[in-house]
Amino acid sequence: MRLTRAAVLGRAKAAALDGVRRLNCWGSRLTDISICRDLPNIEVITFSVNGISDLEPLNQCQNLSELYLRKNNIASLNELFYLKNLPRLRVLWLSENPCCGPDPHRYRMTVLRNLPHLQKLDNQAVTEEELSQALVDGEEITTPPARKNVENGCPESSESSAAESTTETESELLNFSLEETNKIREQLGMKPVPRDKFSSFSPRETDCSRKKRNNVLNAILLLMKELDSEGLEIVQETAGRRLQAFRKKELQEE
């Protein structure tokens with residue numbers, strides 16, 4: 001069977017992502033880590049100092065051995081449900097998240113009861129005594145956390161989401177998105193997009209779609225550092241084709 005050019009490029013892209021072993025997104029303003037579903041061979045992930053609340057995409061990272069999640073928005077220890085089937089996970093840093101709660105002993109015991117293969121938790125070595133005590137004092141997690149109702153991938157409005165949205169004004173989101181877009185274009189040897197030609201969005205798109213796009217842009221920029229010349233050429237060719245399609249569409253609309 002003869003493969004199409006798109007299929008060949010798709011397989012090459014998948015192969016490039018399969019080769020990523022380490023990912024450092026420290027302080028990158030990430031909230032969506034769905035990119036992890038495409039990184040089956042990732043071994044070390046640094047997601048500290050972000051806005052991550054959902055760990056579900058990590059449950060496919062079967063080779064993950066070190067995971068750094070300090071200072072995020074992980075609200076429930078039930079998120080550990082998605083880490084329980086990662087056979088090689090040995091190092092976890094989860095401190096300074098809401099899920100840690102006011103009782104550090106209960107928190108540590110619960111984590112160790114559900115992840116007994118850990119060798120280090122929050123930069124502190126795990127002892128055999130702790131693992132035995134965790135069977136008594138820790139809470140076993142058997143179900144994933146409850147999720148809010150969603151529509152088109154956007155969480156319904158709530159007090160918590162409203163509070164989060166106030167941390168970034170619309171102008172800050174626009175500046176960030178334009179900046180990241182032009183970073184990608186610069187790395188691909190393309191001219192930056194002028195502000196007056198940058199797409200505008202409705203308030204609903206600003207609150208959800210643009211944040212999602214920002215996360216994707218961040219992930220692309222960080223992953224590009226891990227690619228070799230062949231992988232970068234694939235990215236450049238794919239981006240070039242999409243830009244041509246967008247330009248053609250703009251001309252047709254004019």
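# Salt bridges, helix α2 and the core

Reader: What is the relative accessibility of Arg 106?
Author: Arg 106 counts as partly exposed. That class lies between buried, under 20% relative accessible area, and exposed, over 50% (1.4 Å probe, protein chains only). For Arg 106 the value is 39%.

Reader: From which number are residues numbered along each chain?
Author: This is a predicted model: local features need pLDDT of at least 70, side-chain atom pairs count only at pLDDT 80 or more, and totals for chains, interfaces and linings use all residues. Side-chain values use heavy atoms, with hydrogens and water left out, and along each chain, as its sequence is written, residues are numbered from 1.

Reader: How many helices and strands does the protein have?
Author: Elements are DSSP runs, numbered from the N terminus: helices are H or I with at least four residues, strands are E with at least two. On that basis the secondary structure comes to seven helices and eight strands.

Reader: What share of the protein is buried?
Author: The protein has 254 residues. The buried ones make up 35%.

Reader: How many salt bridges does a search of the whole structure find?
Author: The criterion is a side-chain nitrogen of Lys or Arg within 4 Å of a carboxyl oxygen of Asp or Glu. Over the whole structure, the search gives seven.

Reader: Which residue forms a salt bridge with Arg 106?
Author: The closest N and O atoms are 2.8 Å apart. Arg 106 is in helix α2, and its partner is in the loop between α3 (128–137) and β7 (150–151), 33 residues away. That partner has 39% relative accessibility, so it counts as partly exposed. It is Glu 139.

Reader: How far apart in sequence are Glu 56 and Arg 37?
Author: Their side chains meet in a salt bridge at 2.4 Å, N to O. Glu 56 is in the loop between β2 (44–46) and β3 (66–68), while Arg 37 is in the loop between β1 (22–24) and β2. Arg 37 is partly exposed, at 36% relative accessibility. The pair is separated by 19 residues.

Reader: How many residues apart in sequence are the parts that Glu 96 and Arg 70 tie together?
Author: Their salt bridge has its closest N and O atoms 3.3 Å apart. Glu 96 lies in the loop between β4 (91–93) and α2 (104–114), and Arg 70 in the loop between β3 and β4, so the parts they tie together are apart by 26 residues.

Reader: Which residues form a salt-bridge network with Arg 70?
Author: One member is partly exposed, at 45% relative accessibility: Glu 96. The full network links Arg 70 with Lys 71 and Glu 96.

Reader: Over the face of which residue does Arg 70 lie?
Author: The test asks for NZ of Lys or CZ of Arg within 6 Å of the ring centre and within 35 degrees of the ring normal. Arg 70 lies at 5.7 Å from the ring centre. The ring is that of Trp 93.

Reader: Which elements do the buried residues of α2 pack against?
Author: The buried residues of α2 include Tyr 107, Met 109, Val 111 and Leu 112. Contact here means heavy atoms within 4.5 Å. The packing partners are β4, β5 (120–121), β6 (124–125) and α3.

Reader: The backbone oxygen of which residue does the side chain of Arg 108 reach?
Author: Arg 108 is in helix α2 and is buried, with a relative accessible area of 11%. A polar contact is a pair of N or O atoms within 3.5 Å; within protein, one must be able to donate a hydrogen and the other to accept it, and residues adjacent in sequence count only if both atoms are side-chain atoms. Here the distance is 3.3 Å. The oxygen belongs to Gln 124.

Reader: Which residue caps the N-terminal end of α2?
Author: A side-chain oxygen of the cap lies 3.1 Å from the backbone nitrogen of His 105. The capping residue is Asp 103.

Reader: Which element gives the largest share of the largest nonpolar core?
Author: Such a core is a set of buried Ala, Val, Leu, Ile, Met, Phe, Trp, Tyr and Cys residues joined through side-chain atoms within 4.5 Å. The largest has 39 residues, and Leu 92 and Val 111 are among those that touch the most other members. The largest share, four residues, comes from α2.
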